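Hi,

Here is the structure I promised to pass along. Have a look at it first, and then read my notes underneath.

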Amino acid sequence: MSTDVKLLTLRVGEAKPKDVGRGIARMDPQDLERLGAHVGDIIQIEGKRSTVAKVMPAYPEDRGKSLIQMDGLLRGNAQVSLDEKVSVQKTSCLPADKIVLSPLTLTRSISREKDARYIGTLLDGLALVEGDTIRANLFGTRSQDFTVVSTVPKRAVLVHSKTKIEVAEKGEAKTRGFKVSYEDI
């Protein structure tokens, strides 16, 4: 890793409703330039915990405010609240060979193989790290939240079409408390 890692400190802002659950963070294009990042790159967000997201440009009305806009899932993964400060830097992700997910909410039994393949298509292109909470938007307005139990390789990874998805039984893995964010309402 080079010694000229660019690091920015930004204030956490609320994501727009259409960005919720997509694993993206929005930043001012000038802040992106300072990081040496481009649209679609992966950034590491460091709050009380470290997580990753795909970066997109902020909408014109949200520029020039030193903001990073994140949904409730990303804020929960970074363990930060609105108006708190986070450190942001560009990072790299390896393609995920395998991820193991554990459902956070009680739902009907997930058919291991068939549903795992379908969930994999929903998560395609998502950057994540072990311990993150992710959301798969199923049919209609139904969604399912999961904790990422493990990833192969063991670092920030990007889900792709060849990623093997395994769904563990609820209770097979320890899960942290689920918080409802404003966007969930």
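Below are my notes on the cores, the salt bridges and a surface patch.

A word on the basis first: this is a predicted model, where local features need pLDDT of at least 70, side-chain atom pairs count only at pLDDT 80 or more, and totals for chains, interfaces and linings use all residues. Residues are numbered from 1 along each chain as its sequence is written, and side-chain values use heavy atoms, with hydrogens and water left out.

Let's start inside. The largest nonpolar core (buried Ala, Val, Leu, Ile, Met, Phe, Trp, Tyr and Cys residues joined through side-chain atoms within 4.5 Å) has 19 residues. Buried here means under 20% relative accessible area, exposed means over 50%, and partly exposed is in between (1.4 Å probe, protein chains only). Those with the most contacts inside this core include Ala25, Met27, Ile43 and Val88. Strand β1 (8-14) is among the elements that give two or more residues to this core, and β1 gives the most, with 3 residues. Helices (H or I, at least four residues) and strands (E, at least two) are DSSP runs, numbered from the N terminus.

Ile43 is a good residue to click on: its contacts (heavy atoms within 4.5 Å) include Ala25, Met27, Ile68 and Val88, not counting residues up to four places away in sequence. Apart from the largest core lies another one of 17 residues, among them Ile119, Leu123, Val159 and Ile165.

Next, the salt bridges (a side-chain nitrogen of Lys or Arg within 4 Å of a carboxyl oxygen of Asp or Glu). The count comes to 14. Three pairs and a network:

- Arg49 and Asp132 pair at 2.8 Å between the closest N and O atoms, and both are buried. Arg49 lies in the loop between β3 and β4 and Asp132 in the loop between β9 and β10, so the pair ties together parts 83 residues apart in sequence.
- Arg11 and Asp83 meet at 2.7 Å, N to O. Arg11 is partly exposed at 27%, while Asp83 is exposed at 51%.
- Asp19 pairs with Arg22 at 3.2 Å; Asp19 is buried at 3% relative accessibility, whereas Arg22 is partly exposed at 45%.
- Lys16, Glu61, Asp62 and Lys65 are linked in a network of salt bridges.

Finally, the surface. Tyr118, Leu122 and Phe139 make a nonpolar patch of about 280 Å². Leu122 lies in helix α3 (residues 112-123) and is partly exposed, at 32%. Patches are made of residues with over 30% relative accessible area and no salt bridge, with like charges joined within 9 Å and nonpolar side chains (Val, Leu, Ile, Met, Phe, Trp, Tyr) within 5 Å. Accessible areas come from the Shrake-Rupley method with a 1.4 Å probe, and for residues only the protein chains shown count as cover.

Best wishes
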